[in-house]
Every structure is written in structure tokens, then in C-alpha cells.
Amino acid sequence: MAIYNHPDAARMTYWGLYSLQHRGQESGGIASADGQNVNDIKGMGLVSEIFTDEVLAKLPGHIAIGHTRYSTTGDSALLNAQPISVDSTKGLIAIAHNGNLVNLGTARERLERDGALFQTTSDSEIIIQLIAHSKHSTLVDCIADSLRQVEGAFSIVMMTRNRIFAARDPHGFRPLSMGRIPGVDGAPDTFVFASETCAFDLLHAKYERDVKPGELIMVSEDGVTSRYFDTTTEQASCIFEHVYFARPDSKVFGRWVQQSRAEMGRQLARESGVPADLIVPVPDSGVTAAIGYAEESGIPFNLGLIRNHYVGRTFIQPEQRTRDFGVRMKLNPVRSLLEGKRVILIDDSIIRGTTSRKIVRMVRAAGATEVHLRISCPPTISPCFYGVDTPSKKDLIAANKSVKEICEFIEADSLAYLSLNGLLHCCTEGDAEPNTYCTACYTGNYPTQWVDVSEILPAT
Ligand code: 5GP
Ligand code: SF4
Ligand code: MG
């Protein structure tokens, strides 16, 4: 999240981060600037736990960037919380990064040979160290130079004491949008950048456009300027943003997530319908697809599982123990709805299969006579290196078992996944200029050269 030209930039960023909390819950932070000084405050936990009125008062200025983190590389520690700031001959630069770089080792070694002292174990710091060590003369050239040297997924916002930068990797893996709040009485407009457009709504910012793959935008006193640092790569935006990650009230890659997700449900019903009495989503991630499935199949929809909203997203916490505990804390069946019914459960994905098995058991124990599971994407057979924390191949159930074996493992009466062509149709249908997507976790075909080979070894 970034904001330029607002008298209360830190507070606006705080509101924006609130709407982006689902993208990371381990740590959060805001950096602000008033044209002279840059301040930052970071902490572990939720945005609401880190920031109070008193804390926000320590972040004056009309420029701010902010971040919520869930770790995919680097430890889950305060040290790695963002924004990360580095002071160099180019002045102080702070960065907030969503995504995951893949050519870390080489870039980091080269920088350390050049004398870079890394403060964190996070991949994101590499980008600003590259900027700090770049030989180009202007800051914007140094940034473009740095971004050409890293491979992988990066949607980033950066700030100096008087400017904001926003950029996306040439594949456009992660979303990043630009919004605008019109200035009142002839005052200049306020510019906002956020991973998802849902962050704009609370700020009354109007969605203007996406930051394009390979684009670097600068906002300064002279207005907004844009350039492309790399145009040689085909777009490969993360299709899993539409399946699970983003909020349905966001537009990502120029497309409403709600629209894609409802279509996934409709397509699932067309591809693998089964006679039943009730459609039940696994909340919250399965809800929108389940509504689509119910519409298409004509089978009634109801909330047969209730989620306790005071427990965080279990998958996002890295400790296995927390996850197991989390499932039981998080979901509870509604016996009065499920008793005596043939139930179709809709969820977005099966990763290890352990959650799904618990849920199927729970629904059966609550009196369902049949439990069919439908998944709104293809089997997850390969890990993600671009910012989604999927486990390595040996822990991905679909990399190691057939659909029939998974069905037996989770103890469902039937199991079906959405086809890859079906999914692609759901995420492009009706678009004048359809996106092209990364689908590597379903196909094993990675759009970057670098992948972590140790993660894609099959189970032995
Ligand atoms: P499993 O059955 O594999 O143990 O758990 C699957 C559940 O984890 C699904 O309900 C899915 O919504 C949830 N989940 C939460 N976070 C993630 C994530 O980052 N990736 C995937 N694939 N699933 C996630
Ligand atoms: Fe998204 Fe999957 Fe590609 Fe990762 S591998 S970027 S989760 S589509
Ligand atoms: Mg879920």
C-alpha cells in the first residue's frame, strides 16, 4: 500500500492495510515522510495490534507506504517485517514487497562481495541493496537497473523522503493497482497504490488502472511518470489470486474476483455435478464458488459450516501445530442443516489434505448421509515460488496420490476438481483483452528460469 499527497498519509495507509490484512498476518508496518524525514514503525501481528492513535501520531507526513507480511522466504521475525529501509549515497529508500524473488542466492552473493551489509534475511532487501549499489546517475535509472537484475514475483512500492515508486515484475505475478482521490477546491490529487482494489474503497479512492507488468511508476511533485524497465516477457499473472488469495470485492489483473470465483462454481457444476440436497461452502474461501455451483445446479445453498472469525487464516501461520489446532477452532457444523442430507462441500483447494479430511468427517458426524467434495481449481501438484506458501512437493497430496486415492484419504463419497481449461475459461471469460496466467502449481510448468529444485522432488 502506498499513498502520495495526503495530510494524514500514515492513517490512510493504516486503513488500507486493514483491507489487505488477509494477504498477511504475521507482521505489519508503515513508513511515512514529510519531505524531509522518513519514519517507520513495524511490529508483529495484525495491523490493529500494531497501530494505535499514539503510534500513528509518530508517523507524520504526506507520503507513506505500508505492508502486511506472511513469510514465504526469510524467517517470520520482526527483523523481516516491512517496510525495509536502507540508507545509502542515494538517500533513504524504504520498500514494501509482495511476491517472492527466485534468483536470490546469486544476487545476494554478488552484492555481499560488493560490500553490501544485509539487515534482514528477507528476499525483498535485495532490491534496495541493488539500487544502493547501482552505478547509474538518477534514482529512477538505478531502480530500473535493479529491477532488471531480479527474477521472480515482485509487486513493490517504494518511497524516499519526497517520492513514491510503484512497480511490477515483467510477468505480473502479483496484482498492484493505482487509485486516485480527487483534490478538493483545485488542490492536487492524492495517488494511492494497493495490492487489491478493496483497499481503495475505504479511502474513497477511485480505481484508475493496474500498474502494468514490467512498469515502473514514479509520483513526485512534478506529477506521475511511467516507464517500462522490461517488456520482453509474457504476462503470467497468478491464477490462484482469483481462486483463493484475493478478496471477492477486489479487481485483480483488471477483473473482478467475484466474477471469476462464481464462474468457477458454475463450471464445476457443469463438469462434475452430482445429485444432492444441499450445497455447503467451506467458509470463507469456498463461499463465492459455492453460490455459483448452487445457481448452476439448482440445488439449495446454505451455511452448514460456521467459521469463527476470531481465529486467523490457519494456513498462513507457518507452524504445523498451529494449523492443526486452527482447523478445530475455526469451523463448526450446523447440525440442524446437515442432518439426513446429501451434502456437496465446496472448497478452493486441497493442499496437504489434512484439513479437508477433518471437515468431511465433521460434516458426516453432524448427520450428513453423503459428503461430496468439489474443489474450484485443478489438483495442486507443484509448489509455488512466487509468493504463495505452498509446501514442497512431498507434502502436496495431489503430487503423490491420484484423485481416487485422495478421495479415499479424505473419506468423501466423491471428489472432483475443476479442470485447468475450465479454470482458465472462468478467469478470462468476457474480457476484451484476456490475461495470460501462471498455472505452475497445477501443471509444474514454471514461467521463470529459476526454480528451487529441492522443492520439486517427488516423495521417496
Ligand atoms: P488441506 O486440506 O490441504 O489441509 O487444507 C486446504 C485448505 O487450506 C483450503 O480450505 C484452503 O482454503 C486453505 N488455504 C489457506 N491458505 C491457503 C494457501 O495459501 N494456499 C492453499 N492452496 N490453500 C490455502
Ligand atoms: Fe500462483 Fe500457482 Fe503460479 Fe504460484 S505457482 S504464482 S500460486 S499460479
Ligand atoms: Mg479454505
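Start by selecting helices α5 and α6, where I127, L130 and I131 of α5 meet C142, I143, S146 and Q149 of α6. Sorted by class, the residues of this contact of α5 with α6 are five nonpolar and two polar, with no charged residues among them. Before going further, please keep in mind that the model is predicted, with a mean pLDDT of 92 over the chain and 94% of its residues at 70 or more. For the complex, the predictor reports an ipTM of 0.88 and a pTM of 0.93.

**The first helix pairs**

With α5 still selected, add the whole of helix α6, residues 139-149, and look at how the two axes, which come within 8 Å, cross at roughly 130°. That angle makes α5 oblique to α6, and the crossing of the two helices is right-handed.

Next, keep α5 (residues 125-133) in view and select helix α4, residues 104-113, which packs with α5 at an angle of about 40°, the axes being 10 Å apart. This angle makes α4 oblique to α5, and α4 passes α5 in a left-handed crossing. To see the contact itself, show the side chains of L104, A107, R108 and L111 on α4, together with those of I126, Q129, L130 and H133 on α5. By class, the residues where α4 meets α5 comprise five nonpolar, two polar and one charged. L130 is worth labelling while both partners are displayed, since the residue is listed in the contact with α4 and is listed again in the contact with α6.

**The annotated domain**

Now select residues 1-222, the stretch to which an unreviewed UniProt entry assigns the feature "domain: Glutamine amidotransferase type-2". Over these residues the chain is 25% helix and 31% strand, and the C-alpha atoms at the two ends of the stretch are 21 Å apart.

Two backbone details can be inspected in turn here. Go first to the loop between β4 (63-69) and β5 (84-88), which is the place of P83, and display the peptide bond from Q82 to P83, which is cis, with omega near 0°. Then move to H204, in the loop between α7 (198-202) and β11 (206-210), where the residue has a positive phi of about 55° although it is not a glycine. Both details deserve a careful look, because most residues other than glycine have a negative phi, and most peptide bonds are trans.

**The cysteine group**

Select C238, C384, C438 and C441, which carry the annotation "binding site" in the unreviewed UniProt entry. These cysteines span 204 residues in sequence, yet no two of their C-alpha atoms are more than 10.1 Å apart, so they gather at one spot. If you would like a landmark for orientation, C238 is found in strand β14, residues 237-238.

**A second annotated site and a cis bond**

The unreviewed UniProt entry also places a "binding site" feature at S285, D347 and D348, which you can select together. Although these residues span 64 residues in sequence, no two of their C-alpha atoms are more than 6.7 Å apart, so they gather at one spot. D347 is found in strand β20, residues 342-347.

From S285, one of the residues of this annotation, step back along the chain to D284, whose place is in the loop between β17 (278-281) and α10. Display the backbone here as well, as the peptide bond from P283 to D284 is cis, with omega near -5°.

**The last helix pair**

Finish with helix α9, residues 257-272, and helix α10, residues 287-297, whose axes come within 6 Å and cross at roughly 45°. This makes α9 oblique to α10, and α9 passes α10 in a right-handed crossing. On the α9 side, show Q258, R261, A262, E263, M264, G265, R266, L268, A269 and R270, and on the α10 side show T288, A289, A290, I291, G292, Y293, E295, E296 and S297, which together form the contact. Coloured by class, the contact of α9 with α10 shows eight nonpolar, five polar and six charged residues, whereas the contact of α5 with α6, where the tour began, has no charged residues.

Note on methods
Residues numbered from 1 in each chain as written. Chains lettered and ligands numbered in written order. Predicted model: local features only at pLDDT ≥ 70, side-chain atom pairs only at ≥ 80, totals over all residues. Axes fitted to C-alpha atoms, helices over the stretch in contact; angles between N-to-C directions. Helix = DSSP H or I, 4+ residues; strand = E, 2+ residues; numbered from the N terminus. Parallel < 35°, antiparallel > 145°, perpendicular 65-115°, else oblique. Left-handed = near helix turned anticlockwise from the far one by under 90°. Contact = placed C-beta atoms within 7 Å. Nonpolar A, V, L, I, M, F, W, Y, C, P; charged D, E, K, R; others polar. UniProt positions renumbered as here; feature names shortened; annotations may be inferred. pLDDT = per-residue confidence, 0-100.
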